[in-house]
Amino acid sequence: MALLAELTHRCPLQCAYCSNPLDLERASAELETEEWLRVLRESADLGCMQVHFSGGEPTARRDLDALVEGANQAGLYTNLITSGVLLDEARIARLVRAGLQHVQLSFQDSQADNANRIAGFAGHAKKLETAAQIRAAGLPLTANFVVHRQNLDRLDLMIDLALKIGAERSEIAHVQYYGWALKNRAAFMPTREQLERATATVEAARARLEGVMVIDYVVPDYYAKRPKACMGGWGRRFLNVTPSGKVLPCHAAESITGLAFENVRDRPLAEIWDSSDAFNRFRGTDWMPEPCRSCARAEIDWGGCRCQAFALIGDAARTDPACALSPDHAVVVEAAAAESSSPAGDFTYRNFAPRALRS
């Protein structure tokens with residue numbers, strides 16, 4: 001259904017919950033413009049309807065305008081996921097001319113001081129300026145908020161901010177613990193009470209703002225009873241291409257050591273999707289252990305998250321420990337209880353940010 005095109009790992013922000021891998025790709029390894037244009041055409045031929053340009057910070061690529069135009073020519077719906085800090089009015093206008101159809105703009109908090117501290121970069125004011133320019137250009141806007149114990153108490157203010165900047169949609173996603181976020185889990189883990197208040201805040205806002213703004217809400221796995229259908233199931237609906245051209249079933253899949261991911265520089269995208277060992281390893285239900293295999297939800301949650309099972313248990317083929325039926329469920333229960341009640345502590349930033357911005 002969709003391609004997540006991670007154009008680069010370069011980014012001026014240093015967010016401590018960043019979904020990029022701990023080993024970041026260098027600019028010298030990135031796909032060239034013509035290689036990305038081929039990937040976009042091949043993804044459309046494969047059946048993708050949408051491309052989400054992401055990073056790092058995708059606007060760090062000087063050829064983004066050409067890539068948006070190429071995606072548009074291939075018939076793909078184009079969405080830009082950005083921090084907004086490298087955009088200006090002229091660049092936005094060029095992207096609109098190239099055919100950009102939607103922007104997701106990230107925020108770390110409703111207040112500048114804490115937002116800048118979480119991002120490791122003083123960019124909140126620039127984000128607000130960019131939001132106004134995006135709306136002035138006539139582009140639909142989604143405000144993305146990653147929430148956690150260090151900003152959840154201002155969730156109502158974040159929703160108000162999304163309204164103020166003219167967002168038609170807001171995505172409120174609790175930190176998901178992979179990569180940098182897993183490294184900083186103790187700093188981000190909310191208490192159950194915080195989670196319950198946040199959920200109540202979202203439900204009230206949805207009722208109040210029906211017909212005005214759509215609110216998507218992603219809860220943390222560590223307080224779940226059943227796992228989420230990660231990416232709609234491994235190798236079922238989505239694919240991800242990294243800056244260097246590796247093709248993944250999800251953005252965190254490289255964290256599973258022992259799986260070899262093929263590269264678009266070596267093989268057509270459709271062949272990788274259809275027949276690569278990595279995509280077929282956890283596709284469908286035949287790979288599932290018990291209790292997943294006989295579970296009524298086997299084709300609903302598709303066994304949950306393979307990256308989470310590997311990160312927490314060391315075995316990507318185990319039942320996702322987020323599931324209450326998993327023999328390893330105590331791992332997430334105990335981690336949530338211990339870390340949400342401990343001092344929040346400092347962040348390990350994606351890259352080491354100036355100490356003045358640290359907690």
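Here is a short tour of one helix, one residue beside it and one pocket.

Before you click, note that this is a predicted model, where local features need pLDDT of at least 70, side-chain atom pairs count only at pLDDT 80 or more, and totals for chains, interfaces and linings use all residues. Residues are numbered from 1 along each chain as its sequence is written, and side-chain values use heavy atoms, with hydrogens and water left out.

**Stop one: helix α14.** Select residues 329-340. Helices here are DSSP runs (H or I, at least four residues), numbered from the N terminus. At 1.5 Å a residue, these 12 residues should span 16 Å (1.5 Å times one less than the number of residues); the end C-alpha atoms sit 17 Å apart, which agrees.

Now colour H329, V332, A335, A336, E339 and S340, the buried residues of α14 (under 20% relative accessible area, 1.4 Å probe, protein chains only). Look down the axis: they fall within an arc of 140° (taken from the directions from the helix axis to the C-beta atoms), so they line one face of the helix. Their cover includes α8 (185-188) and α13 (306-313).

**Stop two: R185.** Pick this residue in α8. At 15% relative accessibility, R185 counts as buried. Leaving aside neighbours within four places in sequence, R185 is in contact (heavy atoms within 4.5 Å) with Y177, Y222, L312, A335 and E339.

**Stop three: the lining of a pocket.** Show P21, L22, G179, E254 and S255, which lie nearest the centre of the second largest pocket among its 17 lining residues. α7 (179-183) and α13 each give two or more residues to that lining, and α13 gives the most, with three.

Methods: Buried < 20%, exposed > 50% of the residue type's maximum accessible area, 1.4 Å probe, protein only. 1 Å grid on protein atoms, 1.4 Å probe; cavity = no way out; pocket = protein on both sides within 12 Å on 5 of 7 lines; lining within 4 Å.
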